[in-house]
Amino acid sequence: MPFTTAGKNIMLDASTITHVSAHDGAPGDTGANEISGGSYARQSITFSSAASGAIDSSNQPVIPIPSGTTVAHLGFWTASSGGTCVATADVTDEVFASAGNYTVTDADLDLNA
């Protein structure tokens, strides 16, 4: 039985997603392949209120990436370390030959997809 749009909005508004991570391989259900080293750290992310069964990021987190790393996926977490990976996104690979920053310009989490 499918959820109504109102039900999806309630679930999304109740989510406790607070941080975004970068991954060099598919994170799967556990958040595997999270980047490490250098000054890398998960960054705070905020979302607008749910509408039409989706939420949209309301800030643009900047994730520090160490040199020699490829960002291929993002993870969305309930904590800055540890916590639960509750969503993932496959992104266009970005190669960092030297240390740099990966900016999450827009993150849409959609229960209709």
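# Worked exercises on a predicted model

A50 is placed in the loop between β2 and β3. The coordinates used throughout these exercises belong to a predicted model.

## Exercise 1

Task. Determine whether A50 is buried or exposed, and state which residues A50 touches beyond its sequence neighbours.

Solution.

Step 1. The relative accessibility of A50 is 15%. The limit for the buried class is under 20%. A50 therefore counts as buried.

Step 2. With residues up to four places away in sequence left out, A50 touches N9, L12, D13 and I55.

Step 3. For a separation in space, take A50 and D24: they stand 26 residues apart in sequence, and their C-alpha atoms are 29 Å apart.

## Exercise 2

Task. Describe the surroundings of K8, and establish how far away the nearest side chain of opposite charge is.

Solution.

Step 1. Locate the residue. K8 belongs to helix α1, which covers residues 5-14.

Step 2. Consider the helix as a whole. The buried residues in α1 are G7, K8, N9 and L12. These buried residues pack against β3 and β8 (108-110). In general, residues three or four places apart in an α-helix point the same way, because there are 3.6 residues a turn.

Step 3. Search for a charge partner. The nearest side chain of opposite charge to K8 is D110, at 6.5 Å. A salt bridge requires the side-chain nitrogen to be within 4 Å of a carboxyl oxygen. K8 is thus buried without a salt bridge.

Step 4. Search for a polar partner. The side chains of K8 and N112 make a polar contact of 2.6 Å.

Step 5. Complete the list of contacts. Outside the four places on either side in sequence, K8 is in contact with F3, G53, L111 and N112.

## Exercise 3

Task. Find how many salt bridges the model holds, and characterise the residues involved.

Solution.

Step 1. The count comes to one salt bridge.

Step 2. The partners are the side chains of E34 and R42, with an N to O distance of 3.0 Å.

Step 3. Compare the exposure of the partners. E34 has a relative accessibility of 25% and so counts as partly exposed. R42, with a relative accessible area of 12%, is buried.

Step 4. Examine R42 further. R42 also lies over the face of W77, at 3.5 Å from the ring centre.

## Exercise 4

Task. State which side chains make polar contacts with the side chain of H19, and place H19 in the fold.

Solution.

Step 1. H19 is located in strand β1. Its relative accessibility of 13% makes H19 buried.

Step 2. One polar contact, of 2.7 Å, links the side chain of H19 to that of T18. Another, of 3.4 Å, links the side chains of H19 and S44.

Step 3. Excluding neighbours within four places in sequence, the contacts of H19 include R42, S44 and W77. R42 and W77 are the residues of the charge-over-ring arrangement in Exercise 3.

## Exercise 5

Task. Identify where N33 and S52, both with positive phi, are found, and classify their exposure.

Solution.

Step 1. Phi of N33 is near 65°, a positive value in a residue that is not glycine. N33 occurs in the loop between β1 (19-23) and β2 (43-44).

Step 2. Phi of S52 is near 55°, and S52 is likewise not a glycine. S52 occurs in the loop between β2 and β3 (54-56).

Step 3. At 39% relative accessibility, N33 is partly exposed, whereas S52, at 56%, is exposed.

## Exercise 6

Task. Contrast the exposure of T92 and F96 in strand β6.

Solution.

Step 1. T92 lies in strand β6, which spans residues 85-96, and F96 lies in β6 as well.

Step 2. T92 has a relative accessible area of 68% and is therefore exposed. F96, with 6%, is buried.

Step 3. Look at the contacts of F96. Apart from residues up to four places away in sequence, F96 touches I65, P66, S67, G68, T69, V71, N101 and Y102.

Step 4. Add the distances between C-alpha atoms. T92 and L12, 80 residues apart along the chain, are separated by 25 Å. F96 and G82, 14 residues apart along the chain, are separated by 25 Å.

Note on methods. Residues are numbered from 1 along each chain as its sequence is written. This is a predicted model: local features need pLDDT of at least 70, side-chain atom pairs count only at pLDDT 80 or more; totals for chains, interfaces and linings use all residues. Side-chain values use heavy atoms; hydrogens and water are left out. Helices (H or I, at least four residues) and strands (E, at least two) are DSSP runs, numbered from the N terminus. Buried means under 20% relative accessible area, exposed over 50%, partly exposed in between (1.4 Å probe, protein chains only). Lys and Arg count as positive and Asp and Glu as negative; His and the chain ends are not counted. A polar contact is a pair of N or O atoms within 3.5 Å; within protein, one must be able to donate a hydrogen and the other to accept it, and residues adjacent in sequence count only if both atoms are side-chain atoms. Contact means heavy atoms within 4.5 Å. A charge sits over a ring if NZ of Lys or CZ of Arg is within 6 Å of the ring centre and within 35 degrees of the ring normal.
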